[in-house]
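Work through the exercises below with the sequence and the 3D view at hand. Each task is followed by a solution in steps.

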Amino acid sequence: MTAENEDSDFSHNIYKNDPILFNSYVGKEVKITMKDEDVHCGIVYTIDPVSESVVLLQPKEPTTYSLKIVSGHSVKNIEIISAEERIVPELFLPSCTNFSQAAITNRKNTIKQLFLENRFSVKEEGDILKIEDTVTVEPPYYPQNCKCTNSIILSRIQNILMSK
């Protein structure tokens, strides 16, 4: 393989981008200047490393935001306005306020029993179930409420939960 062929294999920007730089923008207030000199301001929610598109949160009121997606191919410059990191709200998690405490307790007991039947060690830490000291399942105990750093284990635990 020649050096020229090697370069062509890695010519996409995904191989040239700095993910640490992208991550440093998350939660910061920025000013994005577009190639047409248009300007967009807001708090960076996330940046897609492939398309380089930026999702901005634009506060309307203290607890209300609008989202703006800025296409990466049009971005000329990103400038951090405020280095103070803001807490970015979780926008896409379902609310569990629809469940009564009795329903949540019942679901917790059902799920705990399911894991025990599948020969998993389960510990209770308040409302949180810990499976094999690796996975945590939080109320209301559905697949999307699982947390684990190992994606394979997470997927398997979520599949077990989908059966109930």
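A salt bridge here is a side-chain nitrogen of Lys or Arg within 4 Å of a carboxyl oxygen of Asp or Glu. The model is predicted, and a search of the whole structure finds 6 salt bridges.

**Exercise 1.** Determine which parts of the chain the salt bridge between Glu37 and Lys76 ties together.

Solution.
- Step 1: The side chains of Glu37 and Lys76 meet at 2.8 Å, N to O, and the cut-off is 4 Å.
- Step 2: Glu37 belongs to the loop between β1 (29-34) and β2 (39-47), while Lys76 is in strand β5 (residues 75-82), so the pair links parts that are 39 residues apart in sequence.
- Step 3: Lys76 has a relative accessible area of 51% and is therefore exposed.

**Exercise 2.** Place the partners Glu124 and Lys108 in the fold and state whether each is buried, partly exposed or exposed.

Solution.
- Step 1: Between Glu124 and Lys108 the closest N and O atoms are 2.8 Å apart, and the two form a salt bridge.
- Step 2: Glu124 is in strand β6 (residues 122-125) and Lys108 in helix α3, so this pair ties together parts 16 residues apart in sequence.
- Step 3: Glu124 is partly exposed, at 38% relative accessible area. Lys108 is buried, at 10%.

**Exercise 3.** Describe the salt bridge between Glu138 and Lys147, then find the network formed by salt bridges that share partners.

Solution.
- Step 1: The side chains of Glu138 and Lys147 meet in a salt bridge of 3.5 Å, N to O.
- Step 2: Glu138 is partly exposed, with a relative accessible area of 26%. Lys147 is also partly exposed, with 47%.
- Step 3: Salt bridges with shared partners join Lys108, Lys112 and Glu124 into one network.

**Exercise 4.** What does the side chain of Arg107 reach, given that Arg107 is buried yet has no salt bridge?

Solution.
- Step 1: Arg107 is found in helix α3 (residues 101-117).
- Step 2: The nearest side chain of opposite charge, Glu117, is 12 Å away from Arg107, whereas the salt-bridge cut-off is 4 Å.
- Step 3: The side chain of Arg107 reaches the backbone oxygen of Tyr141 at 2.9 Å.
- Step 4: Leaving aside neighbours within four places in sequence, Arg107 is in contact with Pro140, Tyr141, Tyr142, Leu161 and Lys164.

**Exercise 5.** Which residues make the nonpolar surface patch of about 280 Å², and where does Tyr15 lie?

Solution.
- Step 1: The patch is made by Ile14, Tyr15 and Val50.
- Step 2: Tyr15 lies in the loop between α1 (3-9) and α2 (19-25).
- Step 3: Tyr15 is exposed, at 51% relative accessible area.

Technical notes: Residues numbered from 1 in each chain as written. Predicted model: local features only at pLDDT ≥ 70, side-chain atom pairs only at ≥ 80, totals over all residues. Heavy atoms only, no water. Patch = residues over 30% accessible without salt bridge, like charges linked within 9 Å, V, L, I, M, F, W, Y side chains within 5 Å. Areas by Shrake-Rupley, 256 points an atom, 1.4 Å probe, with all protein chains shown as cover. Helix = DSSP H or I, 4+ residues; strand = E, 2+ residues; numbered from the N terminus. Buried < 20%, exposed > 50% of the residue type's maximum accessible area, 1.4 Å probe, protein only. Lys, Arg positive; Asp, Glu negative; His and termini not counted. Polar contact = N/O pair within 3.5 Å; in protein donor to acceptor, adjacent residues only side chain to side chain. Contact = heavy atoms within 4.5 Å.
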